[in-house]
Amino acid sequence: MDQIIIRDLQAQGIIGVHPHERVQKQSIVFNITMETDLRPAGVSDHLQDTVNYQTISERILEVVEETQYFLIERLAAHLATLILEEYPVDVVHISIDKPQALDTCRSVAVHITRRKE
């Protein structure tokens with residue numbers, strides 16, 4: 001299966017279980033890999049024959065601004081469902097990093113994979 005990859009998409013949002021995380025936005029970094037058939041776009045050279053990564057990036061940023069989940073696992077699941085429902089994608093892999101989650105490491109992350117049912 002072909003892939004479209006969005007790397008290091010950065011957003012600011014409310015996410016976390018600690019009181020200070022519920023008040024101040026923090027940096028959240030997304031890496032998203034979407035599996036779909038890219039052959040039609042490879043032949044036609046038309047945007048409508050592929051998955052528009054700009055539209056998906058903007059949609060993710062919009063969702064991060066609107067939601068205030070406690071867990072990055074929940075945010076990842078929400079985004080995976082949204083992408084599979086709104087875009088012509090068969091499989092989506094989402095990694096979400098919280099760079100400021102712990103003082104003792106560079107980042108904490110979750111990675112999920114979901115398939116269209």
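This is a short tour of the structure, stop by stop, with something to select at each one.

**Before you start.** You're looking at a predicted model, where local features need pLDDT of at least 70, side-chain atom pairs count only at pLDDT 80 or more, and totals for chains, interfaces and linings use all residues. Residues are numbered from 1 along each chain as its sequence is written, and side-chain values use heavy atoms, with hydrogens and water left out.

**Stop 1: the whole chain.** Show everything as a cartoon. You should find 3 helices and 4 strands; these are DSSP runs, numbered from the N terminus, with at least four residues of H or I for a helix and at least two of E for a strand. Starting at the N terminus, the order is β-β-α-α-α-β-β. The C-alpha trace spans about 50 × 25 × 25 Å along its principal axes. Of the 117 residues, 42% count as buried. Buried means under 20% relative accessible area, exposed means over 50%, and partly exposed is in between, using a 1.4 Å probe and protein chains only.

**Stop 2: strand β3.** Select residues 91-98. How many residues of β3 are buried? The count is 8 of 8. Turn the strand around: V91, H93, S95 and D97 are on one side, V92, I94, I96 and K98 on the other, and both faces are covered.

Now add the partners. Strand β2 (residues 26-36) runs antiparallel to β3, joined to it by 7 bridges; two strands pair if DSSP finds at least two bridges between them. Look for M34, which stands opposite V92. β4 also pairs with β3 in the antiparallel sense, over 8 bridges. There, K98 has V108 of β4 as its bridge partner.

**Stop 3: the largest pocket.** This pocket has a volume of about 210 Å³. Select G16, E21, F70, K98 and A101, the closest to its centre of the 13 lining residues. You've met K98 already, in β3. A pocket here is an open set of points on a 1 Å grid over the protein atoms alone, where a 1.4 Å probe fits, with protein on both sides within 12 Å along at least five of seven lines; lining residues have an atom within 4 Å of a point. The volume is the space filled by probe spheres set on the points, which are joined across faces, edges and corners.

**Stop 4: K116.** Head past β4 (108-115) to K116, in the segment after that strand. Why does K116 count as partly exposed? Because its relative accessibility is 38%. Leaving aside neighbours within four places in sequence, K116 is in contact (heavy atoms within 4.5 Å) with L84, Y87, P88, V89 and D90. Zoom in on its side chain: a polar atom there lies 3.2 Å from the backbone oxygen of L84, and the side chain reaches the backbone oxygen of V89 at 3.1 Å.

**Stop 5: two aspartates.** Most residues other than glycine have a negative phi. Select D8 in strand β1 (residues 2-13), where phi is near 55°, a positive value. Then jump to D45, in the loop between α1 (39-44) and α2 (53-66). Phi of D45 is positive too, at about 65°. Is D45 buried or exposed? D45 counts as exposed, because its relative accessibility is 71%.

Note on methods:
Polar contact = N/O pair within 3.5 Å; in protein donor to acceptor, adjacent residues only side chain to side chain.
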